[in-house]
Structures are given as C-alpha cells and as structure tokens.
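Welcome, and please open the model in your viewer. We will go from one selection to the next, with a short look at what is there.

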Amino acid sequence: MPEDFVVTPWEVKGQIDYDRLITQFGTQRITEHHLEQIRKAAGDLHPMLRRGVFYSHRDLDWILDEHRKGNKFALYTGRGPSSGIHIGHLLPWFFTKWLQDKFGSTLYFQITDDEKFLFKDFEELSEATKVGYDNVLDIIAMGFDRRRTRIFLDTEYIHHLYPIAVEVAKRITFSTTQAVFGFENSNNLGEIFYTSIQAVPAFLPTVEAGHEVPVLIPCGIDQDPHFRITRDVAPKLGYPKPALIHNKLLPSLLGPGGKMSASIPASSIFTTDSIPQARKKIQDAFTGGRATVEEQRRLGANPYICPIFASYNFVFEPDDGHLAEVERTCKSGERLCGDCKLELWGKVEAFLERHHEAREKAKDRVDDFLVRD
Ligand code: TRP
C-alpha cells in the first residue's frame with residue numbers, strides 16, 4: 001500500500017500514522033511498564049509521557065537499568081538552525097529540561113549550522129551560523145543547568161568532532177545512505193557525509209570520560225534514521241549504542257495534515273512573535289468546531305483533529321483533570337471554539353512573556369553555555 005505520509009529528517013508531510021512509523025522505523029512503543037519505571041526513578045511523570053507525546057523509544061530499558069545501577073546517563077539533543085524557533089521545536093526541549101532536572105544529566109546540545117547550509121536552506125554558511133546563534137538564546141532561555149549543559153555549533157567545535165566523525169564515516173557506505181535517506185547521484189558530498197557529524201555527540205560523553213557513558217537522545221521521531229545508523233556503527237567503534245526517546249510532532253495551527261513549520265509562519269507561534277502577532281495566530285487557527293454555534297451546541301466539536309486542543313494536550317495544560325474537562329466540554333458542545341482559544345491564549349501569552357524576558361537575559365549568558373574549539 002502506498003504511504004499517504006512522509007517522515008524523513010528533512011521532510012514531513014501528510015497525515016502521520018504514528019503507529020505505522022514505529023513499524024516502519026523499527027522502534028519500540030513506550031509501555032505502562034516504562035512509565036512505571038520512570039515514575040519510580042524520577043518521582044513523577046512528565047505530562048508528555050503520561051499523554052503519549054513521547055511515545056516511542058530505542059533501548060530505554062537499558063538507560064533505566066543503568067540509572068538503577070547508579071550509572072549516570074548523559075543527554076544529547078540538537079537543533080538544525082534553519083529559522084527562528086517555534087513552539088513545535090520547544091517540545092523536546094521542555095522534556096529534555098525535565099530529564100536534566102530529574103536525573104542530573106549532562107546535556108550535549110548540537111547546533112548543526114553545517115547541515116542547514118548543506119541541505120540548501122542558505123546561500124552562505126555564515127547565515128546558518130548566525131541563525132544558530134539566535135537559536136542559542138532560545139535554548140538558554142529554557143533554563144538548562146549552566147554547569148551541566150554544553151551547547152556547540154558544528155562549525156565552531158569541529159576539532160573536537162572531526163576525529164570521531166571520520167571513524168563513523170568510514171563505517172557507513174554510500175548504499176546505506178541511499179537506503180536510509182533515499183540519496184541519489186545528485187546529492188552533494190556534504191549531505192552524504194552529514195550523518196557522521198550528527199552521530200558524534202552520542203559518543204562524546206564516553207570519549208570525554210574515558211569510560212562507557214550511557215546516552216539518551218530525546219528527539220522528534222523524524223530524526224530517528226540518523227540514529228539508526230549511529231547505533232549500527234557504535235559497537236564497531238567500541239561505544240555503547242545511544243538510546244532514544246521520540247516525540248510526535250506538534251500539528252499545524254492551520255489544520256489537519258501538517259506539522260508546525262518554520263516556512264509557514266501562520267502554522268505556529270514563534271518565540272519572537274510579538275504578543276499581538278501570536279494572539280492573531282491563535283484567533284485565526286483551524287479548530288475541530290462546527291460551522292455554526294447552533295450546530296456545535298447540538299452536536300459537539302472534535303478535539304482530536306483540533307490544533308488548539310493539541311496545544312493544550314502537548315504543551316500548555318499540565319493538569320490532567322482540567323485537560324479532561326476541556327475534552328469533555330468540547331465534545332458535548334458546552335465549550336465553543338472562541339472561548340477555548342481565549343483560554344489557551346491566556347496560557348500562551350504568559351509563556352511568551354516569560355520566554356521573551358528569559359531570551360533577553362540569555363544574550364549575556366551565551367559564553368557560559370557555549371563550548372568552542
Ligand atoms: N538534524 C536536526 C535538525 O535538523 C538537528 C540535530 C542534531 C538533532 N543532532 C540532534 C536533533 C540530536 C535531535 C537530536 O533539527
């Protein structure tokens with residue numbers, strides 16, 4: 001059967017069937033058993049776990065076992081600096097911050113300015129680096145622990161990355177990249193090489209410590225193909241395979257079948273949107289509502305296709321009880337979309353105001369977080 005959706009690290013389109021992705025990519029589902037283990041280890045459960053926003057993994061059991069044995073794991077995540085940051089990008093970062101707080105992990109945060117140049121988002125490499133520096137402000141604004149967080153841009157940390165990258169590159173054939181990413185003769189050499197760079201931070205903690213350090217990578221499920229390759233290579237180089245925990249992508253404010261996308265400004269709230277801009281995006285968003293108020297009162301609305309409900313569910317409503325109430329009153333027709341948007345806006349506005357302020361303060365703290373060659 002032809003797929004009606006596409007998920008690769010560079011392209012996401014169509015109505016994503018997340019169950020089918022687990023089969024396609026060969027990952028594992030997060031089960032009640034994992035949730036119980038995480039609850040035991042962390043003391044509570046992040047809403048994104050309870051609600052299945054983080055829903056898939058590789059080797060999570062191993063990370064939890066290591067933790068039980070008193071073996072600290074490191075965290076690794078990253079950002080391809082193609083544009084400003086929107087709420088969809090923040091999703092795994094909120095969760096990564098929670099993991100860092102609960103487990104005291106050191107976080108390696110890779111900014112892949114090289115990738116975004118190679119994959120044609122920019123004419124000049126320096127433009128990608130510049131966007132990378134802008135994105136760093138959003139990362140710092142998340143409140144990561146300064147003593148335990150290292151942010152680096154690939155072009156500025158390459159002396160540290162390169163010796164490991166060549167070890168990785170030697171173990172990946174062109175045909176593997178063709179099979180995994182669909183690369184062809186017209187792809188440039190940098191694109192073909194790139195996965196070796198994204199693999200490196202998964203091994204850096206072990207290299208730096210001089211002994212095996214378990215690594216957990218929180219990321220959007222679209223990034224999994226890079227790490228499937230990384231995991232295949234790891235034992236050949238004598239490193240532990242990194243574990244992964246994957247999130248679903250936040251749906252577009254414009255309606256079904258899209259994810260929040262930097263190239264479509266109205267599809268998401270950006271961290272640098274002004275308050276009026278952001279408010280308008282929420283006001284104009286698609287919903288699961290009916291054509292008329294009368295119909296909605298009578299038939300109820302559909303939260304499951306609604307990006308406003310998804311925003312409550314994925315990010316802005318940590319209280320399960322209230323979320324259930326939003327869901328129930330939406331379906332029963334008691335709640336109308338205008339009111340629901342207004343209520344969400346209150347939460348988004350408060351978040352944006354805090355984030356704008358933290359982002360300003362971050363400008364003085366860049367050197368506290370960045371590591372360079
Ligand atoms: N390729 C990712 C992107 O385009 C950036 C990235 C690098 C990343 N390393 C990562 C994302 C590790 C998640 C985890 O955004």
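Which element gives the largest share of the shell around the ligand? Select β5, residues 74-79, and you have it: four residues of the shell come from β5. Keep in mind on this tour that the model is predicted.

**Stop 1: the ligand and its shell**

Now select the ligand together with the 15 residues around it. Those that come nearest are Tyr-76, Gly-80, Glu-115, Gln-198 and Gln-223. By class, this shell divides into five nonpolar, seven polar and three charged residues.

Next, show the side chains of Gln-110, Lys-116 and Gln-223, and look for their polar atoms. In Gln-110, an N or O atom of the side chain is 3.0 Å from a nitrogen atom of the ligand. Gln-223 also has a polar side-chain atom 3.0 Å from a ligand nitrogen. With Lys-116, the partner is an oxygen atom of the ligand, 3.3 Å from a polar atom of the side chain. Turn on a surface if you like: of the 360 Å² of accessible area that the ligand has on its own, the protein covers 92%.

**Stop 2: the pocket that holds the ligand**

Where does the ligand sit? The answer is the largest pocket, with a volume of about 1000 Å³. Its lining has 43 residues, and the closest to the pocket centre are Arg-79, His-89, Asp-222, Gln-223 and Lys-259. You have already met Gln-223, which is also among the residues that come nearest to the ligand.

Colour these elements, each of which supplies at least two lining residues: β5 (74-79), α5 (87-103), α6 (113-118), α10 (189-199) and β8 (215-220). Of the elements, β5, α6, α10 and β8 also give two or more residues to the shell around the ligand. The lining as a whole has 17 nonpolar, 19 polar and seven charged residues.

**Stop 3: the second largest pocket**

Now move to the second largest pocket, which has a volume of about 610 Å³. Select Gln-15, Tyr-18, Pro-251, Tyr-304 and Phe-314, the closest to its centre of the 30 residues that line it. Then add β2 (12-14), α15 (307-316) and α16 (320-332), the elements that give two or more residues to this lining.

Which of the elements gives the most to this lining? It is α15, with five residues. To finish, colour the lining by class: you will find 17 nonpolar, eight polar and five charged residues.

Conventions
Residues numbered from 1 in each chain as written. Predicted model: local features only at pLDDT ≥ 70, side-chain atom pairs only at ≥ 80, totals over all residues. Heavy atoms only, no water. 1 Å grid on protein atoms, 1.4 Å probe; cavity = no way out; pocket = protein on both sides within 12 Å on 5 of 7 lines; lining within 4 Å. Points joined across faces, edges and corners; volume = space filled by probe spheres on them. Nonpolar A, V, L, I, M, F, W, Y, C, P; charged D, E, K, R; others polar. Near = heavy atom within 4 Å. Polar contact = N/O pair within 3.5 Å; in protein donor to acceptor, adjacent residues only side chain to side chain. Areas by Shrake-Rupley, 256 points an atom, 1.4 Å probe, with all protein chains shown as cover. Sits in = over half its atoms within 2 Å of the grid points.
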